[in-house]
Amino acid sequence: MVGAPAWGEARNVLCIRLDSMGDVLMTGPAIRALKDATPSRHITLMTSLAGADAARRMPGIDDVLTYGAPWMKAEPTRAASRQAIVH
């Protein structure tokens, strides 16, 4: 494609991993590599509610979006978890 910017010039990247916490953690090295290649790059991760807590603690991720994917088992939020997110 003529005139299209090279992948290395991407400044805003959306990564999507709509699975459990463990799957989100396994994506960490790839996300860090994206950030390390261009430190000014803004990385957003879209993940499930189950993976969001881990994603917020992972280096290299600037923002976290959540989506309740229909294939993920719904889990009620525990009171302790709700308090941890609020504080």
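**A colleague's note on the predicted model**

1. Let's start with helix 1, residues 21-37 (helices are DSSP runs of H or I with at least four residues, strands runs of E with at least two, numbered from the N terminus). Its 17 residues should span 24 Å at 1.5 Å a residue, and the end C-alpha atoms lie 25 Å apart, which agrees. The expected span is 1.5 Å times one less than the number of residues.

2. A word on ground rules: this is a predicted model, where local features need pLDDT of at least 70, side-chain atom pairs count only at pLDDT 80 or more, and totals for chains, interfaces and linings use all residues. Residues are numbered from 1 along each chain as its sequence is written, and side-chain values use heavy atoms, leaving out hydrogens and water.

3. The buried residues of helix 1 are Val24, Thr27, Gly28, Ile31, Leu34 and Lys35; buried means under 20% relative accessible area (1.4 Å probe, protein chains only). They pack against strand 1 (12-17), strand 2 (42-47) and helix 2 (49-55), with contact meaning heavy atoms within 4.5 Å.

4. Now the sheet: 3 strands form an open, parallel arrangement in the order 1-2-3. Strand 1 and strand 3 (63-66) are the edges, each pairing on one side only. Pairing takes at least two bridges found by DSSP, and 4 bridges join strand 2 to strand 3.

5. Please take care with helix 3 (residues 79-86): its mean pLDDT of 42 is the lowest among the elements, while strand 2 has the highest, 96. pLDDT is the predictor's confidence in each residue, from 0 to 100. Where pLDDT is low, the predicted coordinates should not be read in detail.

Notes
Buried < 20%, exposed > 50% of the residue type's maximum accessible area, 1.4 Å probe, protein only.
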